[in-house]
Amino acid sequence: MAGRPQVAARQQPRRASADGAAAAEPAADARGAAAVAGGPGADGCAVPGGVLSLSGDAVRELLTAVVSRGAAFRFTARGASMRPFILDGDVLTVSPVHGSGPRVGDVVAVTMCRGGTSADEDGDPETSIDALLAADCDAVSDEAPERRLVVHRVVARRGERCLIRGDNCPQPDGWFPRLSIAGVVTRVERDGRPRKLGVGRLGQRVAWLSSRGRLTTAVGVVRAPRRAVGATLRLVQRLPVYRSGARRLAGRVVIEPAHDDDLLELGRRFGLVLPDAAARRAAGSTLLVARHGQSLLGFVEYVHRAEEGAYHGDWLHALTVRTPWRGMGIATLLVAAVEELAREHGARELLLAVDPGNRAALALYRKLCFRPVEEGALAEDLRGLALRRGAPLTALRRDLPGPGEA
Amino acid sequence: MSTGADCAVAYRPSEDVVARVIEGEIIIVPLVAGIGDMDDELFTLNETGKAIWDRLDGQRTLADVAAELTDEYEGDAGAIETDVLGLVGELLARRMVVAV
């Protein structure tokens, strides 16, 4: 045989900047690095690490493969065509398209040919993506078609066809069959923190403005008062008189497991990464939502990690309450529901990890008797994670009373 | 890396990975908590590793795989079997394959 078989852990390179669409595009000069770093046939059994530079086409293929398995795909976007909502270097999570989506305003990952598109608005809506791309590429060039993954917004929809356009682009990309859309962007992270993506009602307005080329101006005008309102609302929510009145309303809030219909809403409203129900069950995860009438006010995830290791145990994840509904005790209700689930699994403690800069969350957890985990494998692992990813997390734990205990 | 692979057992790729041949190279993306993360580590196999991976179909035992590779590469049967066990043991430790 040519050499000892090897499996090598590799990482993609970080690139400082790039032009063009917000897409998973490689640095053209970096392809050689892959061959140098991980060429086949090397002798010896040491596992070589190194840089793995994937082409845009490779990332497209991997995204399609991962999303078709019902999983989400996380990668770094390049370019400026989705400014101001997505900037070069932002980390995007693309999730499968649920139901009849995507909707107007959604940001989607779609495959198109370099040099433009061009599906005719009146084209056959049943056309497969491969046939469409082949036809488009033939029209653009006689050379081998270069497909690329582009992350842009749906700005209009007619039946099974979607008009796609970058928020910062002068022209639309064209009409694409719904089935050609690989997935919907459900989360944007910048510097390790989630950012607003501009979806839901906001996305519809963005799509309307985008289709008229007035988005950038509108964003500047919209941002100032929204910031002021948010800050004022948070101040008001701290007032005892507000909190006592609001808690009466919280009595009508229902905490229950998320329905399938909730997934699209949760993904769109909260940027939540949503593996399908089977994947969540396999991972020991239960998603709970807080509901008032038809409105989703917040959610939390309970995860029972059965495998041995630093993260073994019962976890509370992603506790989130929408801003207008804070200060009403909804977060406390969600935590109580997770504790109940954990007790049903026989757990004697509940764990969570929180950003130490999130003062509001820390105050809530302290009030609910959670205490820091400062020693042991979990604390060590989180410290290592913080060093590797630059995103510090503090683990907290709380004892749970057993059956019959107070 | 521990080697817990068994010659008499057949293995197949785990449901927790997505593997694709891209530009002649096998790229393996682990799915962690339902997410394939390109910003985390990806894995590749060299040419020899790829020849083994392609035969991990849940039907052929590792002994079958080693025998096929011995015929194809005309190598030393014992050394090839050791290589196969070593690689599959490593893949098992990384939860990239499962026994059938």
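Mentor: A contact here means heavy atoms within 4.5 Å. Keep in mind that this is a predicted model.

Trainee: What share of the contacts in chain A with a separation of 6 or more comes from residues 24 or more positions apart?

Mentor: Start with the make-up of the chain. Chain A has 11 helices and 16 strands. Among its contacts with a separation of 6 or more, the share from residues 24 or more positions apart is 68%.

Trainee: And in chain B, what percentage of contacts between residues at least 6 apart join residues at least 24 apart?

Mentor: Chain B has 3 helices and 6 strands. For its contacts between residues at least 6 apart in sequence, the part that joins residues at least 24 apart is 60%.

Trainee: In what pattern do helices and strands follow along chain B?

Mentor: Count the elements before ordering them: 3 helices and 6 strands. Read along the sequence, the order is β-β-β-β-β-α-α-α-β.

Trainee: How much of chain A counts as buried?

Mentor: The cut-off for buried is under 20% relative accessible area. Chain A has 406 residues. The buried part of them is 46%.

Trainee: What fraction of the surface of chain B do carbon and sulfur atoms supply?

Mentor: Of the 100 residues of chain B, 49% count as buried. The chain exposes about 4,400 Å². Carbon and sulfur atoms supply 46% of that area.

Trainee: What is the accessible surface of chain A?

Mentor: Carbon and sulfur atoms hold 52% of it. The total comes to about 20,300 Å².

Trainee: Is A290(A) buried or exposed?

Mentor: A290(A) sits in strand β11, residues 285–292 of chain A. Its relative accessible area is 0%. Buried means under 20%, so A290(A) is buried.

Trainee: Which residues does A290(A) touch, leaving aside those up to four places away in sequence?

Mentor: One of them is V254(A). A290(A) and V254(A) are 36 residues apart in sequence and 5.6 Å apart in space, C-alpha to C-alpha. The full set is V253(A), V254(A), I255(A), S295(A), L296(A), L297(A), G298(A), I330(A) and L334(A).

Trainee: How do α2(B) and α3(B) lie to each other?

Mentor: Helix α2 of chain B spans residues 62–73, and helix α3 of chain B spans residues 77–93. Their axes come within 9 Å and cross at roughly 130 degrees. That angle falls outside 65 to 115 and is not over 145. The two helices are therefore oblique.

Trainee: Which residues make the contact between α2(B) and α3(B)?

Mentor: The crossing of α2(B) past α3(B) is right-handed. From α2(B) come L62(B), V65(B), A66(B), L69(B) and T70(B). From α3(B) come A77(B), I80(B), E81(B), V84(B), L85(B) and V88(B).

Trainee: How many nonpolar residues has this contact of α2(B) with α3(B)?

Mentor: Sort the contact by class. It has 1 polar and 1 charged residue. The nonpolar count is 9.

Trainee: Where does R95(B) lie?

Mentor: R95(B) has a positive phi of about 60 degrees, although it is not a glycine. At 56% relative accessibility, it counts as exposed. Its place is the loop between α3 and β6 (97–99) of chain B.

Trainee: Which accessibility class does A318(A) count in?

Mentor: A318(A) lies in strand β13, residues 313–321 of chain A. Its phi is near 60 degrees, a positive value in a residue other than glycine. Its relative accessibility is 39%. That value is between 20% and 50%, so A318(A) counts as partly exposed.

Key. Residues numbered from 1 in each chain as written. Chains lettered and ligands numbered in written order. Predicted model: local features only at pLDDT ≥ 70, side-chain atom pairs only at ≥ 80, totals over all residues. Heavy atoms only, no water. Helix = DSSP H or I, 4+ residues; strand = E, 2+ residues; numbered from the N terminus. Buried < 20%, exposed > 50% of the residue type's maximum accessible area, 1.4 Å probe, protein only. Axes fitted to C-alpha atoms, helices over the stretch in contact; angles between N-to-C directions. Parallel < 35°, antiparallel > 145°, perpendicular 65-115°, else oblique. Left-handed = near helix turned anticlockwise from the far one by under 90°. Nonpolar A, V, L, I, M, F, W, Y, C, P; charged D, E, K, R; others polar. Areas by Shrake-Rupley, 256 points an atom, 1.4 Å probe, with all protein chains shown as cover.
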